[in-house]
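Let's go through some labels a structural biologist might put on a model, and ask what earns each one.

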Amino acid sequence: MASDRIFGLVMILMALAYIASAFQIQTSFLADPVGSKTFPVAVGIVVILCGLVFMVKPDGEPEWPDLRTWGRLAFAVAVLVAYSYALKPMGFLVPTVFTAGLLAYQITPKPAAAVMAGFGLSVGLFIVFRYGLGLGLQPFPKGLLG
Amino acid sequence: MDLFSNLALGFSVALSPFTLMLAIVGCFLGTIIGALPGLGPSNGVAILIPLAFTMGLDATSALVLLTSVYYGAMYGGRISSILLNIPGDEPAMMTCLDGYPMAQQGKAGEALVLSGVASFVGAMFATIGLMLLAPLLARVAYLFGPAEYFALYLLAFCTLGGIASKNQAKAALAACIGLAIAMIGLDNTSGMPRFTYGNLHLMDGIDFLVAIVGLFAIAEVFVFIESHGRDSAVGVKLEKVIIPWKTIAGSTWTMLRSSVIGFIAGILPGAGASLGSFLAYMGERAVSKDKETFGTGNPRAVAAPEAGNNSAAGGALIPMLTLGVPGSGTTAVLLALLLTLNITPGPTLFTDRPEVVWGLIASLIIANFVLLIMNVPMVKIFVKILSVPPMLLLPGVTMVSFVGIYSLTGSYFDLLLMVAFGVGGYLLRKLGVPLVPIILGILLGNYMEDALRRAMVLSNGDWSFLFSSYIAIGLWIAAIGGFVAPIFLRGLFARPKAGLTD
């Protein structure tokens with residue numbers, strides 16, 4: 001109940017912000033009868049209507065994970081964000097060992113197996129990508145090994 | 001005859017050794033993707049698109065590879081349904097109902113062979129149907145102007161949201177989220193930036209592949225972290241595989257009936273394979289004399305949904321190829337592939353790029369035979385693969401997603417965006433918001449807006465132009481009906497479990 005109400009409210013606020021920024025779109029000399037704003041504004045209005053429906057007629061409460069699971073999920077997101085930043089400067093192998101290992105540990109908490117999974121996936125996938133599919137992946141940080 | 005010369009052209013494309021190899025690889029990967037719980041056809045195809053693209057495959061090869069994966073996934077889904085009572089993908093849900101009881105009675109091999117043959121019959125039927133119907137529909141599609149296309153896009157969103165979801169408002173919201181995301185970037189008509197907030201990364205808009213991989217593959221990783229991988233495949237056993245000729249012969253009509261039902265369900269925009277297998281199962285139950293054995297391991301109840309879902313999978317390709325409007329989640333992903341390859345689906349595809357269309361159809365026929373061999377005599381290999389632990393599978397999927405998007409765009413911003421879509425997809429799934437309309441919105445948003453604006457340019461701003469032809473009016477009525485009708489039909493649909501007890 002509450003989840004859907006909050007969700008509806010968030011969606012309405014976001015839709016209002018979306019509509020507001022739609023009105024900021026500069027008009028161009030290439031004018032057409034509809035213009036650049038109409039469609040986004042219409043989409044925003046439908047979102048607001050949907051949001052109102054959620055607030056008036058919410059569905060049952062979804063099964064949210066407990067606090068520990070939220071922690072694990074947040075950690076996984078942090079790992080993936082770090083991986084996004086690391087992939088280019090650090091090369092493929094090292095960040096992948098960490099990311100794959102940590103994710104494996106989050107799914108099945110067995111440290112030894114997770115370390116193995118990290119190394120195995122990193123090296124195995126690198127060989128597949130680089131030599132099997134011919135993608136130009138950097139194995140190590142640039143300048144370290146050429 | 002036209003058809004045969006077209007087919008000959010198709011086979012001349014599809015029978016080249018390289019294309020043939022791609023079809024076999026695609027079938028193999030597809031069956032694995034379908035069989036592994038947590039890796040359905042949509043996210044399986046989604047993570048492979050960037051890879052196919054960076055490998056520099058040409059349009060036909062990429063299409064052959066990925067439609068083979070698509071067909072393969074429809075075959076593979078049944079394996080875990082029968083052996084583990086976990087559908088490998090959504091359309092295979094109905095196969096659990098009688099497939100698993102058969103496995104419990106020690107008839108797992110029989111169920112696998114029978115459902116493999118049923119899959120073949122369904123897929124073959126649909127491929128032939130596609131061959132015959134698609135060119136006809138493509139001819140009708142020439143009559144479509146911008147007003148009709150606008151109504152058609154609306155129809156796709158309405159039926160997809162109406163049939164596939166439990167809550168119309170949430171489905172409508174999902175479509176709007178997709179449309180709203182599609183607006184980001186330069187406006188096609190006026191050339192002005194929209195919703196970029198001065199961020200250069202957003203100027204080109206959001207790449208739909210980033211969104212698809214994030215929403216499907218990365219979100220799935222979060223779901224698995226939450227569930228602790230408890231759906232892992234432990235204790236899969238399959239002793240011997242014998243071919244139950246008698247059972248197969250006894251289910252011939254079942255397979256054909258179900259293929260017809262599935263095919264029709266597949267053509268309807270938004271319905272897709274899940275509905276196809278559901279309707280095929282219910283239809284078979286309605287006409288059979290031994291209704292009470294359904295749900296306890298009746299072989300015909302295994303054959304029906306499998307023929308239905310594979311037939312629907314083929315049928316769903318028809319609206320995608322002829323109109324550019326996908327009929328299901330996975331065909332939406334395949335549409336993303338076409339757009340990435342700079343192929344605009346629609347009636348002109350059949351005249352301008354016949355080698356693509358007929359090459360595709362020919363390789364679907366080939367893929368079917370390959371899949372029959374893989375899924376009947378070689379099914380044991382896939383049963384082995386089912387025991388891959390989630391702790392290897394899901395991180396593997398993540399890495400493939402990252403590498404795919406990274407090699408496609410080379411930008412860390414897109415990787416961050418993909419993670420953001422993953423988080424958003426996880427939350428929306430929890431809240432019961434379907435993800436497929438979002439994808440469809442992102443894919444079709446700009447086309448839909450362009451159709452509207454071109455229609456208004458043609459009519460000089462007269463909005464009644466949108467309802468000016470019979471085709472357009474028909475599409476509007478179908479759209480409204482498709483969105484509203486499921487509210488009343490909900491008691492009948494979407495509750496297969498309840499339908500079993502009465």
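Q: What does buried have to mean before Phe7(A) and Phe54(A) can be called that?
A: Buried means under 20% relative accessible area. Both Phe7(A) and Phe54(A) are buried. Bear in mind that this is a predicted model.

Q: How confident is the predictor in chain A?
A: Chain A has a mean pLDDT of 86, with 94% of its residues at 70 or more. Among the elements of chain A, helix H2 (residues 38–56) has the highest mean, 92, and helix H5 (residues 111–132) the lowest, 88.

Q: How many aromatic pairs turn up over all chains?
A: There are 19 of them in the whole structure.

Q: Why is the pair of Phe7(A) and Phe54(A) called stacked?
A: Two values settle it. The ring centres are 5.5 Å apart, and a pair needs centres within 6.5 Å. The planes sit at 15°, and under 30 degrees counts as stacked, so the label holds.

Q: What makes that pair a tie between separate parts of chain A?
A: Phe7(A) belongs to helix H1 (residues 2–23) and Phe54(A) to helix H2, so the rings join parts that are 47 residues apart in sequence.

Q: Which charged residue lies over the face of Phe54(A)?
A: That's Lys170(B), at 5.7 Å from the ring centre. The distance part of the rule asks for within 6 Å.

Q: Why is the pair of Phe144(B) and Tyr149(B) called edge-to-face?
A: Their planes are 70° apart, and over 60 counts as edge-to-face, so that's the name. Centre to centre, Phe144(B) and Tyr149(B) are 5.7 Å apart.

Q: Are Phe144(B) and Tyr149(B) buried or exposed?
A: Phe144(B) has 16% relative accessibility, and Tyr149(B) has 15%. The line is drawn at under 20%, so Phe144(B) and Tyr149(B) are buried.

Q: Which residues form one aromatic cluster?
A: Trp64(A), Trp70(A), Phe222(B) and Tyr426(B) do.

Q: How do you know that Glu449(B) and Arg194(B) form a salt bridge?
A: The closest N and O atoms are 2.7 Å apart. The cut-off is within 4 Å, so the pair qualifies. Glu449(B) is in helix H21 (residues 436–459) of chain B and Arg194(B) in strand E2 (residues 193–194), 255 residues apart. Glu449(B) and Arg194(B) are both buried. Together with Asp187(B) and Arg453(B), they are linked in a network of salt bridges. Over all chains, the structure holds eleven salt bridges.

Q: What makes Glu226(B) and Lys430(B) a salt bridge?
A: From N to O the gap is 2.9 Å, and the rule asks for within 4 Å, so the pair counts. Glu226(B) lies in helix H9 (residues 208–227) of chain B and Lys430(B) in helix H20 (residues 412–430), so parts 204 residues apart in sequence are tied together.

Q: Why is Glu226(B) called partly exposed?
A: Its relative accessibility is 21%. Buried would need under 20% and exposed over 50%, so Glu226(B) falls in between.

Q: How do you know that Glu284(B) and Arg300(B) form a salt bridge?
A: Their closest N and O atoms are 3.6 Å apart, which is within 4 Å. Glu284(B) sits in helix H12 (residues 272–287) of chain B and Arg300(B) in helix H13 (residues 299–315), 16 residues apart. With a relative accessible area of 2%, Glu284(B) is buried.

Q: Which residues form the nonpolar patch on the surface?
A: Phe75(A), Met90(A), Val94(A), Phe98(A), Leu102(A) and Phe140(A) form it, with about 500 Å² of accessible area together. Helix H3 (67–90) and helix H4 (93–107) of chain A each supply at least two residues, and H4(A) gives the most, with three.

Q: Where does Phe140(A) lie, and why is it called partly exposed?
A: Phe140(A) lies in the segment after H5 of chain A. Its relative accessible area is 30%, between the limits of 20% and 50%, so partly exposed is the right label.

Q: What makes Ile212(B) and Leu393(B) buried?
A: Ile212(B), in helix H9 of chain B, has a relative accessible area of 1%. Leu393(B), in helix H19 (residues 390–409) of chain B, has 14%. Under 20% is what's needed, so Ile212(B) and Leu393(B) are buried.

How values were computed
Residues are numbered from 1 along each chain as its sequence is written. Chains are lettered from A and ligands numbered from 1 in the order in which they are written. This is a predicted model: local features need pLDDT of at least 70, side-chain atom pairs count only at pLDDT 80 or more; totals for chains, interfaces and linings use all residues. Side-chain values use heavy atoms; hydrogens and water are left out. pLDDT is the predictor's confidence in each residue, from 0 to 100. Helices (H or I, at least four residues) and strands (E, at least two) are DSSP runs, numbered from the N terminus. A salt bridge is a side-chain nitrogen of Lys or Arg within 4 Å of a carboxyl oxygen of Asp or Glu. Buried means under 20% relative accessible area, exposed over 50%, partly exposed in between (1.4 Å probe, protein chains only). Patches are made of residues with over 30% relative accessible area and no salt bridge: like charges are joined within 9 Å, nonpolar side chains (Val, Leu, Ile, Met, Phe, Trp, Tyr) within 5 Å. Accessible areas come from the Shrake-Rupley method with a 1.4 Å probe; for residues, only the protein chains shown count as cover. Rings of Phe, Tyr and Trp (its six-membered ring) pair if their centres lie within 6.5 Å; planes under 30 degrees apart count as stacked, over 60 as edge-to-face and the rest as tilted. A charge sits over a ring if NZ of Lys or CZ of Arg is within 6 Å of the ring centre and within 35 degrees of the ring normal.
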